[in-house]
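Subject: Structure for you to look at

Hi,

Here is the structure I promised to pass on. Have a look at it first, and then read my notes underneath.

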There are 2 protein chains.
Amino acid sequence: MPNRPVLDFWYELASPYACLSALRIEGLADEAGVNLRWRPFLLGPIFAAQGWSTSPYELYPAKGRYMWRDTVRRARRQGLEFAKPTEFPQNSLAATRLALAGREEGWAPAFSKALFRAQFGEGLNIADEAVLSAALKEAGRDPGATLPLARNEEIRARLKAETEYAKSLGIFGAPFFVTEHGEPFWGDDRLEEALEWAREGR
Amino acid sequence: MPNRPVLDFWYELASPYACLSALRIEGLADEAGVNLRWRPFLLGPIFAAQGWSTSPYELYPAKGRYMWRDTVRRARRQGLEFAKPTEFPQNSLAATRLALAGREEGWAPAFSKALFRAQFGEGLNIADEAVLSAALKEAGRDPGATLPLARNEEIRARLKAETEYAKSLGIFGAPFFVTEHGEPFWGDDRLEEALEWAREGR
């Protein structure tokens with residue numbers, strides 16, 4: 001709908017907390033009268049720039065153990081079963097390029113939610129072409145026609161630019177929410193507060 | 001009160017989020033019918049063990065900038081003015097030893113709250129003897145008789161043991177809450193959830 005406030009929802013497809021937000025954000029945004037802009041990006045290059053070779057949850061095992069306990073608890077409150085996938089963190093490059101391709105055509109949310117459920121609900125790997133294909137189908141896309149977009153030069157360049165832009169905004173984790181006035185909120189536990197600020201035009 | 005559930009409140013005196021919890025936890029615990037155990041400890045040795053020479057908020061500037069914005073927002077909701085102190089992170093060693101000395105005598109909460117207010121409300125340095133003295137007075141102690149406890153051998157050893165114990169529990173940040181059944185909660189934003197679990201005996 002036009003003239004409603006907009007909230008940018010920055011998400012990394014390999015992030016457990018971004019998953020929790022993705023699977024509950026639409027209902028909450030609707031209630032708040034806020035339009036969402038789904039903005040897939042990559043945390044890998046941002047982590048690498050600060051000297052991390054992988055997810056901080058892998059680099060700092062105590063933090064990782066806690067995170068899985070916390071996300072399982074939070075997921076349960078949302079009525080979701082949640083578990084660490086066999087592979088973690090996953091390579092989200094192809095998935096993120098596809099999600100970005102789907103932004104303008106409007107299928108990024110359905111595709112992203114399908115991938116989050118596959119990864120953290122069923123333990124599947126979103127780098128697998130079969131998993132990507134199933135998610136595209138769930139989002140109403142033809143995998144044969146759509147999968148090649150993961151290697152499309154223009155999409156690759158756009159994703160690089162999006163990730164650079166995220167970094168320039170000071171984004172260092174996911175999910176990250178930014179209001180039209182630039183107010184930043186980090187983490188699934190700030191989703192309600194971000195929507196409140198967006199709704200109030202702050 | 002006896003027979004009420006107990007929640008361990010692990011806090012580092014130089015931590016902004018621990019400050020937010022310390023200044024609101026007592027009323028919430030009372031409402032929930034939960035007894036608190038205030039457990040001062042040092043994050044420095046835990047950070048050092050994972051290769052960090054200082055606070056992650058200093059090591060990762062984007063995270064640091066966001067943290068100050070977030071804590072100021074959260075403090076405002078609590079009716080508090082909050083600001084980055086001139087020196088950050090502060091050396092909390094003497095302060096923490098004193099707080100530990102005050103645990104058994106019951107003045108650790110009042111002393112710790114006075115230090116948090118001095119540090120994040122007034123920008124003072126809790127390593128200064130004058131600031132420690134003022135906080136001791138606020139907690140009803142005689143500074144002249146109490147300050148030497150910061151160099152007491154037994155207290156030093158007890159703080160080392162407490163910090164080691166915190167590490168063994170998987171504590172990697174502050175504030176950290178642990179129920180009697182060992183359920184861990186990290187961060188000021190998990191305080192309500194921790195009290196709920198404690199109250200329900202989980």
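Let me start with B:Phe185. Setting aside the neighbours within four places in sequence, B:Phe185 is in contact with B:Phe177, B:Arg190, B:Glu193 and B:Ala194. You'll find B:Phe185 in strand β4 of chain B. Is B:Phe185 buried or exposed? With 24 other C-beta atoms within 10 Å, B:Phe185 is buried, because 20 or more are enough to count as buried. To get a feel for distances, try picking B:Gly79 as well: B:Phe185 and B:Gly79 are 106 residues apart in sequence, and their C-alpha atoms are 24 Å apart in space.

Before you go further, keep in mind that this is a predicted model, and that goes for everything below.

The two chains

Strand β4 also turns up where the chains meet. There, 12 residues of chain B are in contact with 12 residues of chain A. On the side of chain B that touches chain A, α5 (61–77) and β4 (184–186) each supply at least two residues. Which element gives the largest share? That is α5(B), with 5 residues. By type, this side of chain B divides into 6 nonpolar, 2 polar and 4 charged residues.

How do the copies relate to each other? Chain B superposes on chain A after a rotation of 180° with 0.0 Å of shift along the axis, and the RMSD is 0.0 Å. That is the relation of a two-fold axis. Both copies use the same surface, as 100% of the contact residues of chain B recur in chain A. If you want to find the axis on screen, go to B:Asp189: of the residues of chain B, B:Asp189 comes closest to the rotation axis, with its C-alpha at 3.8 Å.

Chain A as a whole

Chain A has 11 helices and 4 strands. Its C-alpha atoms fill a box of roughly 40 × 40 × 35 Å along the principal axes. A compact globule of 202 residues would have a radius of gyration near 17 Å, and the 16 Å of chain A agrees with that. Of the 202 residues in chain A, 42% count as buried. I also looked at contacts in chain A with a separation of 6 or more: 73% of them are between residues 24 or more positions apart.

Helix α6 and what surrounds it

Next, zoom in on α6 in chain A. Its buried residues are A:Ala95, A:Thr96, A:Arg97, A:Leu98, A:Ala99, A:Leu100, A:Ala101 and A:Gly102. What covers these buried residues? The cover includes β2 (35–40), α7 (108–121), α8 (129–138), α9 (143–146) and α10 (153–168) of chain A.

Two packed helices are described by the angle between their axes and the distance between the axes. For α6(A) and α7(A), the angle is about 155° and the axes are 8 Å apart. That makes the two helices, α6(A) and α7(A), roughly antiparallel, because angles over 145 degrees count that way. On the α6(A) side the contact is made by A:Ala95, A:Leu98, A:Ala99, A:Gly102 and A:Arg103, and on the α7(A) side by A:Ala108, A:Phe111, A:Ser112 and A:Leu115. These residues divide into 6 nonpolar, 2 polar and 1 charged. Just after α6(A) comes A:Gly106, with a positive phi near 85°.

For another helix pair, switch to chain B. The axes of α6 (residues 93–105) and α10 (residues 153–168) of chain B come within 9 Å and cross at roughly 95°. So α6(B) is roughly perpendicular to α10(B). Here B:Thr96, B:Arg97, B:Leu100 and B:Ala101 of α6(B) meet B:Ile155, B:Arg156, B:Arg158, B:Leu159 and B:Glu162 of α10(B). The contact of α6(B) with α10(B) involves 4 nonpolar, 1 polar and 4 charged residues.

A detail of the backbone

Most peptide bonds are trans. In chain A, though, the bond from A:Phe88 to A:Pro89 is cis, with omega near -10°. Where is A:Pro89 found? A:Pro89 is in the loop between α5 (61–77) and α6 (93–105) of chain A. In chain B, a cis peptide bond joins B:Phe88 and B:Pro89, with omega about -10°, and B:Pro89 is in the loop between α5 and α6 of chain B.

Enjoy looking around!

Definitions and conventions. Residues numbered from 1 in each chain as written. Chains lettered and ligands numbered in written order. Predicted model: local features only at pLDDT ≥ 70, side-chain atom pairs only at ≥ 80, totals over all residues. Contact = placed C-beta atoms within 7 Å. Nonpolar A, V, L, I, M, F, W, Y, C, P; charged D, E, K, R; others polar. Axes fitted to C-alpha atoms, helices over the stretch in contact; angles between N-to-C directions. Parallel < 35°, antiparallel > 145°, perpendicular 65-115°, else oblique. Rg over C-alpha atoms; globule rule 2.2 N^0.38 Å. Buried ≥ 20, exposed ≤ 12 C-beta atoms within 10 Å, placed from the backbone. Least-squares fit on C-alpha atoms with pLDDT ≥ 70 in both.
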